[in-house]
Amino acid sequence: TIMTSHPVGYHYDVVSELQRTIDDVEAISIKIVSDLALHSSTIGEIAMILPHISAQTAAIKPLLVSGSNAQINFEYAEKFALQEQDTLQHVRKQEITIQESSSIIKEAIEKARDRLRSFQTKHNGNQDDDPEMIASLQHETASLRATRESAALLLASIAPGTQHMARSLEALKVQQHELAKSLALLQPQADASHHHHHPHPHHHH
């Protein structure tokens, strides 16, 4: 008789079940990594824009007339930027947690793969029943299914955060643009009124 490289019958079902579960978790894991990359780059962009906004607000603050519309808008903008700074730190912490979970999922996949490989090596085409080994594969499958559930939940949790951060990023870009406009309006006025305070550099020669 020709021996197949796959255990036949019952063994084969246990093996294919585990293989299928590994593939499922692997697919989710790959998606987690790519979604997390998008999440990271969105956070990175926010982290880059915030210092610019801080510099703009610092430049505008002394130029505002207190109680004016401009000042009220400005305070709102300043508050929003500070709030985003806090959110950013919180989201960064969350991201580290997600990365750790993602690593645990990858480890679970590797462990299941090893288990499967050693089974296939040991039972290469021979059908002696190894109830212990089969039980251990079934156990591996059950445990990996639990991992699949938590991986799916983890995956589902990433995108809403990314969308939220993407909206914040858009709002911050608009704000940066508005602040630049305000600064362009306020600065010439300020320069005109402070003109006599600024000696020309030539005085020093």
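This passage describes the largest pocket and the salt bridges of a predicted model.

A good place to begin is the largest pocket, which has a volume of about 310 Å³. Its lining is made up of 16 residues, and Asn73, Phe74, Glu178, Leu179 and Ser182 are the closest to its centre. Two elements, α2 (69–122) and α3 (131–193), each give two or more residues to this lining, with the largest share, eight residues, coming from α3. By residue type, the lining divides into twelve nonpolar, three polar and one charged.

Turning to charged pairs, the whole structure holds 13 salt bridges. In one of them, the side chains of glutamate 17 and arginine 145 meet at 2.7 Å, N to O. Glutamate 17 belongs to helix α1 (residues 10–60) and arginine 145 to helix α3, so this pair ties together parts that are 128 residues apart in sequence. Both partners count as partly exposed, glutamate 17 at 26% relative accessibility and arginine 145 at 34%.

A salt bridge also pairs glutamate 78 with lysine 61 (3.0 Å, N to O). Here a residue of helix α2 meets one in the loop between α1 and α2, so the parts tied together are 17 residues apart in sequence. Lysine 61 is partly exposed, at 46% relative accessibility.

Within helix α3, lysine 173 and glutamate 170 are three residues apart, a separation of about one helical turn, and their side chains form a salt bridge of 3.8 Å, N to O. Lysine 173 is partly exposed at 36%, as is glutamate 170 at 45%. Finally, salt bridges with shared partners link Glu17, Arg20 and Arg145 into one network.

Terms used:
Residues are numbered from 1 along each chain as its sequence is written. This is a predicted model: local features need pLDDT of at least 70, side-chain atom pairs count only at pLDDT 80 or more; totals for chains, interfaces and linings use all residues. Side-chain values use heavy atoms; hydrogens and water are left out. On a 1 Å grid over the protein atoms alone, a cavity is a set of points where a 1.4 Å probe fits but cannot get out, and a pocket is an open set with protein on both sides within 12 Å along at least five of seven lines; lining residues have an atom within 4 Å of a point. Grid points are joined across faces, edges and corners, and a volume is the space filled by probe spheres set on the points. Helices (H or I, at least four residues) and strands (E, at least two) are DSSP runs, numbered from the N terminus. Ala, Val, Leu, Ile, Met, Phe, Trp, Tyr, Cys and Pro count as nonpolar, Asp, Glu, Lys and Arg as charged, and the others, Gly among them, as polar. A salt bridge is a side-chain nitrogen of Lys or Arg within 4 Å of a carboxyl oxygen of Asp or Glu. Buried means under 20% relative accessible area, exposed over 50%, partly exposed in between (1.4 Å probe, protein chains only).
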